[in-house]
Amino acid sequence: MTAEPAETKPASRTAGSQTLARGLEVLRAVTAARDGLTVAEAAERIGIHRTIAYRTLNTLADAHMVHRGEDGRYRGSTGLLSLASAAHQSLRAAALPVLTDTADRLGATVALIVREGNDAVALAVVSPTSGTYHVGFSEGSRHPLGRGAAGHAIMASSPALPGEPESVSKARRDGYAETFGEVEPNMYGLAVPVPEKVAGVPACLNIITVRQDLATTAVEPLLEAAARITARLA
């Protein structure tokens with residue numbers, strides 16, 4: 001009598017998912033820490049054994065996602081740049097239809113601004129399709145993060161930090177930031193944060209205008225636009 005061959009079970013779709021989830025959790029913890037983490041700090045932060053934290057960090061280092069400094073602390077490395085670029089593409093794609101609608105609604109140029117180092121950088125800029133005039137600027141334009149409504153709103157999109165400027169705390173409380181003449185002379189700036197945990201990067205929606213009335217009436221439309229983008233990314 002010939003024995004029946006043993007049935008081969010298909011591999012689990014979640015095989016290795018716990019390891020992947022732990023690696024992502026460690027990576028988030030390292031990149032969220034202002035000065036990186038040691039193995040011991042990562043283990044304590046995630047709630048895992050030091051040996052597991054050590055192996056996970058070394059795996060991330062092999063993939064160039066983190067780098068171990070001479071001080072023994074792990075920090076984000078060059079491999080994160082390609083991930084950031086992909087995240088920016090998704091954010092831009094989600095935002096463009098909303099920016100277009102909002103620009104036409106307000107009759108003003110609306111921009112999606114993101115943080116790059118210590119700068120606020122225009123990732124997407126959409127001008128209205130009608131109207132006699134509007135203030136325009138280019139994608140890729142940048143200014144120091146500490147100046148202007150966009151910079152304040154971008155910093156307000158992240159969790160509060162000890163000693164942060166009152167302008168940032170106010171923007172977080174109010175849900176928007178407004179300035180006059182901080183980036184361009186005689187220009188009003190209005191910006192609404194887009195939550196970093198959803199956008200994947202500190203970001204905001206921003207308009208610059210010579211009209212004080214528009215800087216006031218645009219608050220609600222920009223808040224609605226930020227909510228729409230957040231929903232599209234969720």
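User: Where does threonine 38 lie?

Analyst: In this predicted model, threonine 38 sits in the loop between α1 and α2.

User: Which residues is threonine 38 in contact with, leaving aside its neighbours within four places in sequence?

Analyst: Gly72 and Arg73. Contact here means heavy atoms within 4.5 Å. Arginine 68 is 30 residues from threonine 38 along the chain, and the C-alpha atoms of these two are separated by 8.8 Å.

User: Why are α1 and α3 called roughly perpendicular to each other?

Analyst: The axes of α1 and α3 cross at roughly 80° and come within 10 Å. The label applies to angles of 65 to 115 degrees, and α1 and α3 are therefore roughly perpendicular.

User: What makes the contact between α1 and α3?

Analyst: On the α1 side it is made by Arg22, Gly23, Val26, Leu27 and Val30, and on the α3 side by Ile52, Thr56, Leu57 and Leu60. By class, these residues divide into six nonpolar, two polar and one charged.

User: Why do α2 and α3 count as roughly perpendicular?

Analyst: Helix α2 (residues 39–46) and helix α3 (residues 50–62) pack at an angle of about 110°, with their axes 8 Å apart. The upper limit for the label is 115 degrees, and α2 and α3 are therefore roughly perpendicular to each other. The crossing in which α2 passes α3 is right-handed.

User: Which residues of α2 and α3 meet?

Analyst: Val39, Ala40, Ala42 and Ala43 of α2 meet Arg50, Ala53, Tyr54 and Leu57 of α3. The class count for this contact is seven nonpolar, no polar and one charged. Tyr is counted as nonpolar and Arg as charged.

User: How do the axes of α5 and α6 cross, and what is that arrangement called?

Analyst: The axes of helix α5 (residues 148–156) and helix α6 (residues 166–174) cross at roughly 70° and come within 8 Å. That makes α5 roughly perpendicular to α6, the lower limit for the label being 65 degrees. The crossing of α5 and α6 is right-handed.

User: Which residues of α5 and α6 meet?

Analyst: From α5 there are His152, Met155 and Ala156, which meet Ser167, Val168, Ala171 and Arg172 in α6. The contact of α5 with α6 has four nonpolar, two polar and one charged residues.

User: How much space lies in the largest pocket?

Analyst: About 1,700 Å³. The largest pocket is lined by 35 residues, and the closest to its centre are Thr31, Ala32, Glu196, Gly200 and Pro202. Two or more lining residues come from each of α1 (17–32), β2 (74–76), α4 (79–106), β3 (110–116) and α7 (196–199).

User: How do the residues of the lining of the largest pocket divide?

Analyst: Into 18 nonpolar, eight polar and nine charged.

User: How much space lies in the second largest pocket, and which residues are the closest to its centre?

Analyst: The second largest pocket holds about 330 Å³ of space. Of its 22 lining residues, the closest to the centre are Phe137, His143, Val183, Glu184 and Ile208. Its lining has 11 nonpolar, eight polar and three charged residues.

User: Which element gives the most to the lining of the second largest pocket?

Analyst: α5, with three residues. The elements that each supply at least two residues of this lining are β4 (119–126), β5 (142–144), α5, β7 (188–194) and β8 (203–209). Helix α5 therefore has two roles in this account: it is roughly perpendicular to α6, and it supplies three residues to the lining of the second largest pocket.

Key: Residues are numbered from 1 along each chain as its sequence is written. This is a predicted model: local features need pLDDT of at least 70, side-chain atom pairs count only at pLDDT 80 or more; totals for chains, interfaces and linings use all residues. Side-chain values use heavy atoms; hydrogens and water are left out. Axes are lines fitted to C-alpha atoms, for helices over the stretch in contact, and angles run from 0 to 180 degrees between N-to-C directions. Helices (H or I, at least four residues) and strands (E, at least two) are DSSP runs, numbered from the N terminus. Angles under 35 degrees count as roughly parallel, over 145 as roughly antiparallel, 65 to 115 as roughly perpendicular and the rest as oblique. A crossing is left-handed if the near helix is turned anticlockwise from the far one by less than a right angle, and right-handed if clockwise. On a 1 Å grid over the protein atoms alone, a cavity is a set of points where a 1.4 Å probe fits but cannot get out, and a pocket is an open set with protein on both sides within 12 Å along at least five of seven lines; lining residues have an atom within 4 Å of a point. Grid points are joined across faces, edges and corners, and a volume is the space filled by probe spheres set on the points.
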